Amino acid sequence: MNIIKNIALAGHNGSGKTSLAEALLYKAGASDRLGRTDDGTTVCDYDTEEIKRKISINTSAAFFNYEGIKVNLLDTPGIFDFAGEMAEGIRASDTVMITVSAKSGVKVGTKKAYAAAEKDHKAKMFVVTKIDDPNANFYNVLTELKTVFGPTVCPVVVPVIENEKIVSYVNLIEMKAYKYDGSGNAIETDLPAAAATEKMQYRIDGLVEAVSEAVAETDETLMEKFFEGEAFTQKELIDGIHKGMNLGIITPVVCVSSSSLAGIDMLLKEISLLVPSSSEVPAVSAGDAEVKCSESDPLSAFVFKTVADPFTGRMSYIKVMSGKLTSDSTVVNMTTGENEKIGKLYFMKGKQQIEAQEVTAGDIAAAVKIDALTSDTLCSPERKVQFDKIDFPKPCYSMAVSAKAQGDESKISAGIQRLLEEDRTLEYKQDKLTNEQILSGLGEQHLDIASMKLKNKFGVEIKLSVPKIAYRETIRKKVKSEGKHKKQSGGHGQYGHVWIEFEPCVSDELIFEEKVFGGAVPKNYFPAVEKGLQECVKKGILAGCPVVGLKAVLVDGSYHPVDSSEMAFKTAASLAFKEGLKQADPAMLEPIGSLKVNVTDDNTGDVMGELNKRRGRVLGMEPSGDSMTEIYAEVPMREMHDFAMYLRQVTRGMGNFTFEFLRYEQLPSNLLAEVIADSISE
């Protein structure tokens with residue numbers, strides 16, 4: 001069986017994931033030039049918007065071969081707006097390589113990547129990048145990693161620093177030191193003398209001790225040897241770290257400079273020696289079954305990413321979990337229950353497609369023009385299994401969508417449906433209360449990118465605006481009012497006359513009753529009166545908002561045997577409505593939502609204070625684990641549009657929340673004039 005290693009690159013935005021992928025591909029001979037993010041020339045950031053913005057937006061796949069091993073890299077974005085892409089990349093990987101900048105150290109993105117890897121039971125490795133930056137401090141970062149992530153953190157490649165400059169890199173497994181020339185080629189050099197290591201923040205022998213201690217934890221025999229003070233052989237160290245990574249109890253740390261290529265050769269070596277292959281990772285649960293990565297087993301495969309392309313059609317990124325996937329084969333889609341005909345298969349290297357006849361267990365490829373979508377399971381009819389779907393973050397930021405050009409509405413809907421296939425963290429639906437089309441995502445930048453994709457991929461431009469708030473109107477006291485419509489214009493005239501009692505009630509719909517005595521209003525006109533009122537409640541008298549909580553009782557009136565008509569009584573009812581509501585102490589109602597917000601313990605007070613400013617009522621709070629607290633509150637929907645941005649800023653990306661409509665409450669009188677003015681201007 002081929003040795004395949006799938007590695008997701010994850011970490012905080014700007015920590016050097018794409019540059020690291022570029023350096024690995026170049027050093028392994030898979031690309032013929034070392035691209036730069038700033039120049040828009042990297043293999044993995046090839047999308048128009050990625051090049052323009054100099055950030056990763058999509059998870060991209062690229063592979064290289066090194067010493068008989070095929071390595072699939074999945075370069076994931078670090079910006080929180082594209083957390084869904086990171087979830088896809090980590091799901092398809094066997095190891096998560098978390099990049100940490102030697103300048104800025106452990107950030108929220110570092111913690112999130114580590115937590116996501118832990119949740120999916122993936123092996124982990126830290127790569128400290130930008131090691132040769134003037135403001136870098138590797139040993140401070142190493143201390144921080146140990147403090148935040150605990151004793152599993154195990155240094156493997158460390159720099160030797162003299163006079164604030166790196167003079168060499170020490171591989172603690174080999175116990176060899178290397179210098180690098182201007183082309184990133186390693187030249188073996190002497191290990192630092194004891195006098196030099198005394199000046200280092202970490203002494204080499206102390207680091208070796210830390211590695212040995214971590215390795216000892218993986219095996220009882222090694223533990224005995226460690227306690228007896230015997231040094232481990234190089235093979236014992238390699239096997240111990242390899243086993244510890246697979247068990248999730250060792251997280252190696254290496255350091256590199258992607259720009260100068262220093263340390264990249266050692267990282268390649270550690271990938272080949274330490275990182276578990278697909279065939280070594282534990283079996284994956286698929287319902288009641290356990291699926292082992294084995295070529296001899298029946299086919300099972302997981303679609304972890306979908307790309308909607310207007311030219312090539314849908315492209316589905318697939319990880320083969322067992323067996324072999326071949327082009328021109330037929331498989332079962334367990335999500336739909338339908339058969340899928342597999343056409344052409346491709347190994348991806350950024351945007352480059354390399355045709356493949358078959359894809360074996362553990363490998364990753366892309367299929368074009370199949371019906372399968374993200375999180376679908378494909379399998380052989382002889383063994384039907386279904387893998388768990390990817391757990392995507394829920395949308396938390398919404399904007400109303402309208403067409404820039406008239407008549408583009410159907411094109412918008414079709415384009416957004418394609419985007420929804422591609423991005424499971426987007427949501428598009430009609431607000432039943434305001435009838436606006438609402439696009440929801442993970443943040444401002446997320447929706448901005450979505451609108452640019454619509455323009456660039458599907459040729460349709462949209463406008464994004466703050467969604468309207470679905471205010472309502474009601475009354476607070478019982479009144480009786482008259483409506484009389486009388487018109488003479490030669491021939492038949494118009495005559496309708498009603499007395500209607502209006503009173504508050506608990507109902508979203510108009511409640512209509514009639515208590516007319518003595519035939520003052522003939523029964524055949526009752527439906528016309530009700531219809532007139534039903535049309536009126538669509539627009540109240542304060543701000544033109546729908547009226548709720550209204551009961552109308554037709555109690556009296558009069559008619560003309562010739563001039564009365566349904567239209568006349570309908571008009572009379574509307575006159576009674578307008579007059580009655582003016583006298584009935586009308587009020588505006590605003591929607592209130594139920595909020596559950598997870599915040600870091602340190603920010604609990606800040607967020608509760610902010611909710612009070614937003615007219616929220618905090619109902620309670622309780623610990624939710626990992627130094628987080630869940631706060632329960634009720635907050636007016638009017639105050640919540642930019643809460644996602646506030647929460648991300650104050651918790652630095654660690655917070656999350658859900659917010660759902662709960663009920664209507666009376667709008668405070670001090671906001672009434674503003675709401676009426678806004679409604680009239682719309």
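# S375, a sheet and the whole chain

User: Does S375 count as buried or exposed?
Analyst: Buried means under 20% relative accessible area, exposed is over 50%, and partly exposed sits in between (1.4 Å probe, protein chains only). S375 has a relative accessibility of just 2%, so it counts as buried.

User: What kind of model am I looking at?
Analyst: Residues are numbered from 1 along each chain as its sequence is written, and side-chain values use heavy atoms, with hydrogens and water left out. Local features need pLDDT of at least 70, side-chain atom pairs count only at pLDDT 80 or more, and totals for chains, interfaces and linings use all residues; this is a predicted model.

User: Where along the chain is S375?
Analyst: Strands are DSSP runs of E, at least two residues long, and helices are runs of H or I, at least four, both numbered from the N terminus. S375 isn't in either of the strands beside it, β22 (364–368) and β23 (377–379); it lies in the loop between β22 and β23.

User: Which residue's backbone nitrogen does the side chain of S375 reach?
Analyst: Start with the neighbours: leaving out residues up to four places away in sequence, S375 touches F302, V303, T335, K389, I390 and F392 (contact means heavy atoms within 4.5 Å). The side chain of S375 gets to 3.0 Å from the backbone nitrogen of one of them, I390.

User: Which strands stand at the edges of the seven-strand sheet?
Analyst: This open sheet has mixed pairing and runs β2-β3-β1-β4-β5-β11-β6 (two strands pair if DSSP finds at least two bridges between them). An edge strand has a single partner, so one side of it is left without a neighbour in the sheet, and that goes for β2 (60–66) and β6 (153–155).

User: In which sense do β6 and β11 pair?
Analyst: In general, strands of a sheet pair through backbone hydrogen bonds, either parallel or antiparallel. P155 has V253 in β11 as its bridge partner. Over three bridges, β6 and β11 (residues 251–255) pair in a sense that is parallel.

User: What is the radius of gyration of the chain?
Analyst: The chain has 17 helices and 36 strands. For 682 residues the globule rule (2.2 Å times the number of residues to the power 0.38) gives 26 Å, and the chain is well over that, so it is more spread out than a compact globule. Its C-alpha trace spans about 115 × 55 × 45 Å along the principal axes. The radius of gyration, taken over C-alpha atoms, is 33 Å.

Notes
A polar contact is a pair of N or O atoms within 3.5 Å; within protein, one must be able to donate a hydrogen and the other to accept it, and residues adjacent in sequence count only if both atoms are side-chain atoms.
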